[in-house]
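Biologist: Got a minute to walk me through this one? I'd like to go over the rings first, then a helix.

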Amino acid sequence: MARFTLQSLAVIGALLLGGCGLLPEQIDETAGWNAQKLYSEAKASMSEGGYDRAIQLFEKLEARYPYGRFAQQAQIEIAYAYYKSNEPALALAAADRFIRLHPNHPHVDYAYYLKGLVTFNEDLGLLGALANQDLSERDPKGSRESYDTFKELVTRFPDSRYADDARLRMRYLVNALAAHEVHVARYYYRRGAHVAAINRAQAAIANYPQSPAIEEALFLLVKSYDALGMTDLRDDAERVMRKNFPDSVYFAGGPADTRPWWQFW
């Protein structure tokens, strides 16, 4: 009997010790918090840069109070927190979820704006070129997605508080995408792939006719057609270029035909 008692006490003691080790992990400081308290604490963490903790609190808020107004706000706040945490895939998923669940929400325009920001690549285009970054090595997919999202925003919500900024970003993206096409055309031209250079220059002209990069695109057409001995097409391209850019530096630059368009602006 004494042996059994000692063994039992040993087992009980081990369980108690093990249980004590688990207790701190089981304590949830938010257990008694209401929706407003959870939201306020999450917002406070956001303002201090504690995005991971904010996300945890917003998720708890949505799980405990899924039908309140705080839960809806938490969903869009989570998207922003992921965006600030450099988690673009999770930010996009959260914004898409909010749009899907609340298409008529008064702040759904912000969800579209945030989606556009997530895929907006500020390194592409003029700023990227000035930083000596090779645009031809960059995938413009994100810029196209960003442009499409901003376009949907300004189309559906033309009076949104975010519409003006979205339009400015759209102009930037158009110029960046055009610069990418012309940069690739220039890459092909330098290597003697004149047909490929013509195709990319034509794509830039067709898709981004108002971009500053079109000046170089036309000049690349002239040079590429000339290299191929296609004089009629060369003369047509030159005629269009002289009409639209009569004082173009490319005509007087000679070897400067390989310089990117932004160096002349």
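Modeller: Sure. Let me fix one term before we start: a residue is buried under 20% relative accessible area, exposed over 50%, and partly exposed in between. Keep in mind that this is a predicted model.

Biologist: Fine. So is Y188 buried, exposed or partly exposed?

Modeller: Y188 has 28% relative accessibility, so it counts as partly exposed. Y187 is partly exposed as well, at 36%.

Biologist: And how do the rings of Y187 and Y188 sit?

Modeller: First the wider count: searching the whole structure turns up 12 aromatic pairs. Y187 and Y188 make an edge-to-face pair, with 5.8 Å from centre to centre and 70° between the planes.

Biologist: Which rings are linked into a cluster?

Modeller: Y110, Y113, F120, F150, Y162 and Y172 are joined by ring pairs.

Biologist: What about charges over rings? What lies over the face of W33?

Modeller: That's K37, at 5.0 Å from the ring centre of W33. There's also R242, whose charged end sits 3.8 Å from the centre of the F251 ring, over that ring.

Biologist: Switching topic: helix 3. What span should its 14 residues give?

Modeller: Helix 3 covers residues 51-64 and should span 20 Å at 1.5 Å a residue. The C-alpha atoms at its ends are 20 Å apart, so the two agree.

Biologist: Which residues of helix 3 are buried?

Modeller: Y51, A54, I55, L57, F58, L61 and E62. Looking down the axis, the buried residues of helix 3 fall within an arc of 165°, so they line one face.

Biologist: Why would a spacing like that put residues on one side?

Modeller: An α-helix has 3.6 residues a turn, so residues three or four places apart point the same way.

Biologist: What do the buried residues of helix 3 pack against?

Modeller: Helix 2 (35-47), helix 4 (69-84) and helix 5 (88-101). On the face of helix 3 turned away from the buried side, you'll find the exposed residues D52 and A63.

Biologist: Last one, T149. Where is it?

Modeller: T149 is in helix 8, residues 141-156. With a relative accessible area of 10%, T149 is buried, because the cut-off is under 20%.

Biologist: Which backbone oxygen lies 2.9 Å from a polar atom of the T149 side chain?

Modeller: The one of E145.

Biologist: And what does T149 touch farther off in sequence?

Modeller: Leaving out residues up to four places away in sequence, T149 touches Y112, K115 and G116.

Terms used: Residues are numbered from 1 along each chain as its sequence is written. This is a predicted model: local features need pLDDT of at least 70, side-chain atom pairs count only at pLDDT 80 or more; totals for chains, interfaces and linings use all residues. Side-chain values use heavy atoms; hydrogens and water are left out. Rings of Phe, Tyr and Trp (its six-membered ring) pair if their centres lie within 6.5 Å; planes under 30 degrees apart count as stacked, over 60 as edge-to-face and the rest as tilted. Buried means under 20% relative accessible area, exposed over 50%, partly exposed in between (1.4 Å probe, protein chains only). A charge sits over a ring if NZ of Lys or CZ of Arg is within 6 Å of the ring centre and within 35 degrees of the ring normal. Helices (H or I, at least four residues) and strands (E, at least two) are DSSP runs, numbered from the N terminus. The expected span of a helix is 1.5 Å times one less than its number of residues. The arc is that of the directions from the helix axis to the C-beta atoms. Contact means heavy atoms within 4.5 Å. A polar contact is a pair of N or O atoms within 3.5 Å; within protein, one must be able to donate a hydrogen and the other to accept it, and residues adjacent in sequence count only if both atoms are side-chain atoms.
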